[in-house]
Amino acid sequence: SYTSYLMLYIDEAVETITGISKKELLGKPIYDSVSRSIVPEHVYATVRLSEYAFLYLCAHAQDDVVIVQEYNIITPSKDKKRLLYQYKVVSRNPSGIPLLAYGHLTDFTHIVAGGPPRLSIVVNGRLEEVLHSMPEEILAGIEIPLTHKELSVLLLKQKGLRTKEITVNLRMKELSIYSIIRDIKRKAGMDIPPLIHLLEEKGVIQP
């Protein structure tokens, strides 16, 4: 466990990530996210990315690291907003574990690309890494628990491949591919094209 300090602030790194000037950010209202809920299909990925952020901060004690996490929330009025959290180490305990400062910013983040959760990591003022959520996590959140093989087939169908082409790509028998497609339809309760369209809309898979 670790101690955390809640502090609203805007770091220069946010400008690097969002492309919005710090002056513009400071001119926007801050939206209180307390008692709001994460969009259900994003919960799994958000938790994993938060854990990754903490572990990354633990492993980079000598660097100036700012981590910005983006995900969608639902307000009490059922509106969706894109929330942006910023993590930064302000001090460490004797064991080197970070004492964190983290701030949340929104009401301007609709300018930032929407979609599933992601982490942007800035080290010493330079954007080093962008970590995206995995499709399997989002699918789990929307209660379409596809297996790895089912997801592979779905992504190839998205690319327009025919069944015979998929068999060559995945080195599987044609009957097995037909069986997998049938299972996907059963789980999703819809045909493949509308399912692909739905997952593209939710940002689970890229168009």
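Confidence in this predicted model varies along the protein chain: strand β1, residues 4-6, has the lowest value, with a mean of 53, whereas helix α6 has the highest, at 93. Taken over the protein chain, the mean pLDDT is 80, and 84% of the residues reach 70 or more. These values should be kept in mind as the reader moves from one element to another.

The secondary structure of the protein chain consists of eight helices and seven strands. The chain has 207 residues, of which 42% count as buried. Its exposed surface comes to about 11400 Å², and carbon and sulfur atoms supply 53% of that area. Contacts also describe the fold: among those between residues at least 6 apart in sequence, 62% join residues at least 24 apart.

Helix α3 is a suitable element with which to begin. It contains 17 residues, which at 1.5 Å a residue should span 24 Å; the C-alpha atoms at its ends are 25 Å apart, so the expected and modelled lengths agree. Several residues of α3 are buried, namely Ala45, Thr46, Leu49, Ala53, Phe54, Tyr56 and Leu57. A general property of helices is useful here: an α-helix has 3.6 residues a turn, so residues three or four places apart point the same way. Val43 also belongs to α3, which covers residues 43-59. With a relative accessible area of 33%, Val43 is partly exposed, because this value lies between the limits of 20% for buried and 50% for exposed. Together with Tyr44 and Val47, Val43 makes a nonpolar surface patch of about 260 Å².

The strands offer another view of the interior. Ser120 is found in strand β6 and is buried, with a relative accessible area of 3%. Which residues surround Ser120, leaving aside its neighbours within four places in sequence? Ser120 is in contact with Ile17, Val66, Ile67, Val68, Glu70, Leu127, Glu129 and Val130. Ser120 and His132 are twelve residues apart in sequence, and their C-alpha atoms are 8.8 Å apart in space. Between β6 (118-123) and β7 (126-132) runs a loop that holds Asn124. Asn124 has a positive phi of about 50 degrees although it is not a glycine. As a general rule, most residues other than glycine have a negative phi.

Further along the chain, helix α5 covers residues 148-158, and its buried residues are Glu150, Leu151, Ser152, Val153, Leu154 and Leu156. What covers these buried residues of α5? The cover includes the helices α4 (135-141), α6, α7 and α8 (192-201). After α5 comes Gly160, which has a positive phi near 90 degrees.

Helix α6 contains Thr163. The relative accessibility of Thr163 is 11%, and this residue therefore counts as buried, since the limit is under 20%. Apart from residues up to four places away in sequence, Thr163 touches Glu174, Ile177, Tyr178 and Ile181. The loop between α6 (163-170) and α7 (174-188) holds Arg171. Is Arg171 buried or exposed? Arg171 is exposed, because its relative accessible area of 80% is over the limit of 50%. Arg171 also has a positive phi, of about 55 degrees, although it is not a glycine.

Definitions and conventions: Residues are numbered from 1 along each chain as its sequence is written. This is a predicted model: local features need pLDDT of at least 70, side-chain atom pairs count only at pLDDT 80 or more; totals for chains, interfaces and linings use all residues. Side-chain values use heavy atoms; hydrogens and water are left out. Patches are made of residues with over 30% relative accessible area and no salt bridge: like charges are joined within 9 Å, nonpolar side chains (Val, Leu, Ile, Met, Phe, Trp, Tyr) within 5 Å. Accessible areas come from the Shrake-Rupley method with a 1.4 Å probe; for residues, only the protein chains shown count as cover. A salt bridge is a side-chain nitrogen of Lys or Arg within 4 Å of a carboxyl oxygen of Asp or Glu. Helices (H or I, at least four residues) and strands (E, at least two) are DSSP runs, numbered from the N terminus. Buried means under 20% relative accessible area, exposed over 50%, partly exposed in between (1.4 Å probe, protein chains only). Contact means heavy atoms within 4.5 Å. The expected span of a helix is 1.5 Å times one less than its number of residues. pLDDT is the predictor's confidence in each residue, from 0 to 100.
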